[in-house]
Amino acid sequence: MTDPLMNLYNRAPIAVERGEGVWLIDTGGRRYLDCVAGIATDALGHGHPALVAALTEQAGKLWHVSNIFRIPGQEALAQRLVDASFADCVFFANTGTEAVECAIKTARRYHHVNGQPERIDIVGFAGSFHGRTYAAINASGNAGYMEGCGPRLPGFVQLSIDDAAAIEDAIARPTTAAVIVEPVQGEGGARALTGEWLLRLRELTREHGVLLIHDEVQSGMGRTGKLFAHQWFDGAEPDIMALAKALGSGFPVGACLATTEAAMGMTPGVHGTTFGGNPLAMAVGIAAFDTIARPETLAHARAASADFFERLEALRSRFPDVIADVRGKGLLIGLKMIQNNRDFMGIARDYGILVAGGGENCVRLLPSLLITAEEIAEAVTRLEAACTAARGAMVQAA
Ligand SMILES: Cc1ncc(COP(=O)(O)O)c(C=O)c1O
């Protein structure tokens, strides 16, 4: 029998049937502690009552209507996002990569309407991930995602985060439109950029009239313990920001936020979407926002992060031959592994804990922001069992 699905994912051998908070239950009834959470998407866990109520209530009223009409839910969620951020306006999309696409168009259009159409270059960084559209794969510049997909698009520049001179040089060029950066690189392996680095980038871009785009698709909406990751650093706010993942906490929705100034080229007809911002997505997005943006939720996420990091550091010190480093920010946590990270993900699964992969041989822990102290302790107990098994496997292989 041939597989009716396109062969695009290395899928783990479990068929997931339902979820309850931080737990996922497979079709055989086995329970897994879910530290993947849809890759930082199910920020409020599975089956959160406020989200279920919002979705089911909206489902009985109206599912879809074209963006040629006013959609009150969009206005309400946009207002919340604007009130909570540097931004003045919002475009709703369906996914992270679409939010990034809009961010890039917004930046280029800004220069176009400002009489500098030659400013098209988007500067991105090694180790970044911005999604899978053509613009997004070119912005992150990861050869693995571009190979065989035709020529590289013009107007994209890749630099190393550590190359300060090249960054200064690129930003000063008269063809540069914008810089795009994840304040915490997610897929790249939970690499948190420092405040000093982010503030310097802000200073340079401002000095040269270059727009700053933050891709907070993964790091935004409470994941780092602040509503947006850049809010850890006063003055680091961008001109444009892409969001998705936790914005709908499991319901597909993305957003591109911008200042009025940065969005000046985004006029009727320049951009649009059929599904983006539909009433179902907005109903869930509002419920998710109202729960995540509460000071108690963010404080809980910060406390959970401190607890998790402490326990993981202790685990690393017991297993220095298995875990090389514990890194990341908030509940976007990376364990840099000594042996192959993919092998460890399989071992962890055998011990009933689900973890995601990441760059630089990391596994990522991206649990619900509502994870309790007991659940964190249970997660570390399971990881400890996995580390013991991984150590045993290494001894056997030697
Ligand atoms: C930082 C970042 N940007 C963009 C994307 C793309 O989002 P999506 O898969 O919803 O298109 C991702 C997805 O992992 C991401 O982590």
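Two residues are taken to be in contact if their C-beta atoms, placed from the backbone, lie within 7 Å. The structure described here is a predicted model. On this basis of contact, the cover over the buried residues of helix α9 includes α2 (49-59), α3 and α10 (295-318). Helix α9 itself comprises residues 279-292. Of its 14 residues, 11 are buried, so α9 is largely enclosed by the rest of the structure. The buried positions include a run from Leu280 through Ala281, Met282, Ala283 and Val284 to Gly285. Ala287, Ala288, Phe289, Thr291 and Ile292 of α9 are buried as well. The end C-alpha atoms of α9 are 20 Å apart, which agrees with the 20 Å that 14 residues should span at 1.5 Å a residue.

Helix α10, part of the cover over α9, has 24 residues. From its first C-alpha to its last, α10 reaches 35 Å, close to the 34 Å expected at 1.5 Å a residue. Ala301, Ala304, Ser305, Phe308 and Leu312 are buried in this helix. An α-helix has 3.6 residues a turn, so residues three or four places apart point the same way. Among the elements covering the buried residues of α10 are β13 (323-329), β14 (332-337) and α12 (373-397).

The model also contains an open sheet of 7 strands with mixed pairing, in the order β4-β12-β11-β10-β7-β5-β6. Its edge strands, β4 (89-93) and β6 (156-159), each pair on one side only. Neighbouring strands of the sheet are turned by 20 degrees against each other on average, direction ignored. Helix α3 (residues 72-83) packs on this sheet and touches β4 and β12 (254-258). The direction of α3 makes about 125 degrees with that of β4. Another helix, α7 (residues 164-172), lies across β5 (121-125), β6 and β7 and runs at about 160 degrees to β6.

Within the sheet, strand β10 (residues 211-215) runs parallel to β7 (residues 176-181), and 4 bridges join the two. Val181 stands opposite His214 of β10. Strand β10 is also joined by 3 bridges to β11 (residues 240-243), again in parallel, with Ile213 opposite Ile240 in β11. In β10, 5 of 5 residues are buried. Both faces of the strand are covered, with Leu211, Ile213 and Asp215 on one side and Leu212 and His214 on the other.

Strand β5 is likewise mostly covered, with 5 of its 5 residues buried. Asp121, Val123 and Phe125 point one way from β5, whereas Ile122 and Gly124 point the other way. The strand is joined to β7 by 3 bridges, and the two run parallel; Thr176 in β7 is the bridge partner of Asp121. Strands β5 and β6 also run parallel and are joined by 4 bridges. In this pair, Gly124 stands opposite Gln158 of β6.

The shell around the ligand was examined last. Of the 15 residues around the ligand, Thr95, Gly96, Thr97, Gly131 and Val217 come nearest. Helix α4 (residues 96-113) gives the most to this shell, with 3 residues. By class, the shell has 5 nonpolar, 7 polar and 3 charged residues.

Notes:
Residues are numbered from 1 along each chain as its sequence is written. This is a predicted model: local features need pLDDT of at least 70, side-chain atom pairs count only at pLDDT 80 or more; totals for chains, interfaces and linings use all residues. A residue is near a molecule or strand if its C-beta atom, placed from the backbone, lies within 6 Å of it. Ala, Val, Leu, Ile, Met, Phe, Trp, Tyr, Cys and Pro count as nonpolar, Asp, Glu, Lys and Arg as charged, and the others, Gly among them, as polar. Two strands pair if DSSP finds at least two bridges between them. Axes are lines fitted to C-alpha atoms, for helices over the stretch in contact, and angles run from 0 to 180 degrees between N-to-C directions. The expected span of a helix is 1.5 Å times one less than its number of residues. A residue is buried if 20 or more other C-beta atoms lie within 10 Å of its own, exposed if 12 or fewer, and partly exposed in between; C-beta atoms are placed from the backbone.
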